[in-house]
Structures are given as structure tokens and as C-alpha cells.
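Let's take a walk through this model together. Have the sequence and the 3D view open as you read.

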Amino acid sequence: MHKYVIMGVQGCGKGTQAALLVNALDLVHIGVGDIFRWHIKNHTKLGAQVKRIVASGNLVGDEIVERIVHGRLEEHDWNFGFILDGFPRSESQARFFLESYDIDAVIHIQVPDEVVRERVLSRRLCSDCGLDYNLISHRPAVEDVCDVCSGALITRPDDHPDALAGRLNDYHTKNKPVLSLFQRKELVLDIDGTLAPKALHKEIISQLGATNYHSSTPVQ
Ligand code: ZN
């Protein structure tokens, strides 16, 4: 049984790495953002609540986040373990969480802010078919034109320097106390997030393997 938390700033490749780990280790991915999106899409009461909060420009409060994460973990469909993404968000949540669940490791993907800035600000989106581009890693054949449908490529409203600077600042402020609590418990694996996705995955598996010497199920 493997119980992991994955942390890292937006644009660090966390989503890709979580998906690769789910595949490699048969884990269940528990993403707070995904759960919110599911509730909104299915018009649940929680979805309506979250939609209202987000529309008013606020962040969904700790209490709601805590409730949905605990509810999700209670489902016990994670025979081989889970990887939790987007939680905990505060030191008190982290402390409470550690009392209920025996976490094996916190995978901390580190990417310098300059690199995040470069990655995020080079993202483009087709205004017609919604396909994602990246001027560094996935360039269109013709500048500003979608390869598939010839639609115009645009920048997401969120991907402007000021908005990104705000998000980075917010991330560091909120995550520092959570990370230092996990560090005091010697759970944190610092992973170099500037590696290419495949190399990054290998590095995570190798570092997890080193921490799982006590576990009966070896990491492949
Ligand atoms: Zn397109």
C-alpha cells in the first residue's frame, strides 16, 4: 500500500507525473480540482456552492476542501494506495491529515519560478477546437494558427504575467508551512522538476523505491 501526496507549483508537470504514477503503481489519483469539476459538471449541491465561490473571485475554503477529501478517502477503493493532489492546503489540515493517514512520502516537484513563468507564458490555446499548444514544446506549424482546424491561437486570460505572479506568490505563501511540517516528519522527496517528463518519472520511482525498503510491496 502506497500513500503519497504530490506537491508543486502549477506548470511543474504534477498532473502528468501523477498519471504516470497511477499507471506504474496501480494507485488511485485523488485530485481536488477534478472532484470540484465533477461536482460542477454533474450539478450537485456542492458543485453549485463551489461555482458560486469561484464566480465571486474567492478561493474555495479549507473546510469544504477538507470535507470532500475525507469523503473521497472514505470510499476505500484504493487497494494499492492513492496519490493526493491539491491537499493539504494549510498546516492544520496537514497535521489533522497525518493523524488519520499514514503517509509514505510527499513528492515535491521543484521548478524555479523563472522556469514556470517561461512554461506558462508560452501556452496557447486554439480558440476554435480548444487544442493546447506550447511555444516551447509543442509549436504549431504556422505561427498563431491551429494545425488541426486552422483556428486562431490565443492566450488564456489566466496566463498573463501579473495573474501568474499572483498565483506563484499565493502558492509559496500557502505551501511553505505545509511543506515544512512534512519536512519535519522527514516525508519530503525533493524532485528536480526541470527534467523531461520520462526522466522525471524515473527519478520519482527511484526515490520512492529508496523510501519503501520497509514496505512489503516493492515499487517496480
Ligand atoms: Zn484548432
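The report below covers strands, a metal site, a pocket and some backbone details.

This is a predicted model, in which local features need pLDDT of at least 70 and side-chain atom pairs count only at pLDDT 80 or more, while totals for chains, interfaces and linings use all residues. Residues are numbered from 1 along each chain as its sequence is written, and side-chain values use heavy atoms, with hydrogens and water left out.

**Strand E3 and its partners**

Let's begin with strand E3, which spans residues 81–85. Helices (H or I, at least four residues) and strands (E, at least two) are DSSP runs, numbered from the N terminus. Two strands pair if DSSP finds at least two bridges between them. Strand E1 (residues 2–7) runs parallel to E3, and five bridges join the two. Within that pairing, lysine 3 has phenylalanine 82 as its bridge partner. Strand E2 (residues 28–31) is also parallel to E3, with four bridges, and here glycine 31 stands opposite aspartate 85.

How many of the residues of E3 are buried? Five of its five residues are, where buried means under 20% relative accessible area, exposed over 50%, and partly exposed in between (1.4 Å probe, protein chains only). In a regular strand the side chains alternate between the two faces of the sheet. Both faces of E3 are covered, with Gly81, Ile83 and Asp85 on one side and Phe82 and Leu84 on the other.

Now look at the loops on either side of E3. Phenylalanine 80 sits in the loop between helix H4 (62–74) and E3, and it is partly exposed at 47% relative accessible area. Its C-alpha atom is separated by 5.7 Å from that of leucine 27, although the two residues are 53 apart along the chain. Proline 88 belongs to the loop between E3 and helix H5 (91–100), and the peptide bond that leads to it from phenylalanine 87 is cis, with omega near -5 degrees.

**The zinc site and the sheet beside it in sequence**

Which residues coordinate the zinc ion? The donors are the SG atoms of Cys126, Cys129, Cys146 and Cys149, at 2.3 to 2.4 Å. Donors are N, O and S atoms within 2.8 Å of the metal (3.2 Å for Na, K and Ca); water is not among the atoms, so sites may look incomplete. The spacing of the zinc donors along the chain is C-x2-C-x16-C-x2-C. Angles among the four donor atoms are 98 to 115 degrees, and the site is tetrahedral, a label given to four donors if all angles lie between 85 and 135 degrees. Ideal angles at a metal are 109.5 degrees for four tetrahedral donors. Cysteine 126 is buried, at 3% relative accessibility, whereas cysteine 129 is partly exposed, at 41%.

An open sheet of three strands has the order E6-E5-E7, with antiparallel pairing. Strands E6 (132–134) and E7 (153–154) are at its edges, each with a single partner strand, so one side of each has no neighbour in the sheet. Strand E5 (residues 123–126) is joined to E7 by two bridges, and leucine 125 stands opposite isoleucine 154.

**Two residues with positive phi**

Most residues other than glycine have a negative phi. Here are two residues with a positive one.

| Residue | Phi | Loop | Relative accessible area |
|---|---|---|---|
| Histidine 43 | about 50 degrees | between helix H2 (32–41) and helix H3 (45–55) | 69%, exposed |
| Serine 150 | near 65 degrees | between E6 and E7 | 57%, exposed |

**The second largest pocket**

The second largest pocket has a volume of about 210 Å³. On a 1 Å grid over the protein atoms alone, a pocket is an open set of points where a 1.4 Å probe fits, with protein on both sides within 12 Å along at least five of seven lines, and lining residues have an atom within 4 Å of a point. The volume is the space filled by probe spheres set on the points, which are joined across faces, edges and corners.

Of the 13 lining residues, His108, Gln110, Tyr171, His172 and Leu179 lie nearest the centre of the pocket. Strand E4 (105–110) and helix H7 (161–184) are the elements that give two or more residues to the lining, and H7 gives the most, with five. By class, the lining has six nonpolar, five polar and two charged residues. Ala, Val, Leu, Ile, Met, Phe, Trp, Tyr, Cys and Pro count as nonpolar, Asp, Glu, Lys and Arg as charged, and the others, Gly among them, as polar.

Helix H7 also holds arginine 184, which is exposed at 55% relative accessible area.

How values were computed:
Four donors count as tetrahedral if all angles lie between 85 and 135 degrees; four count as square planar and six as octahedral if opposite donors are over 155 degrees apart and all others between 65 and 115; anything else is irregular.
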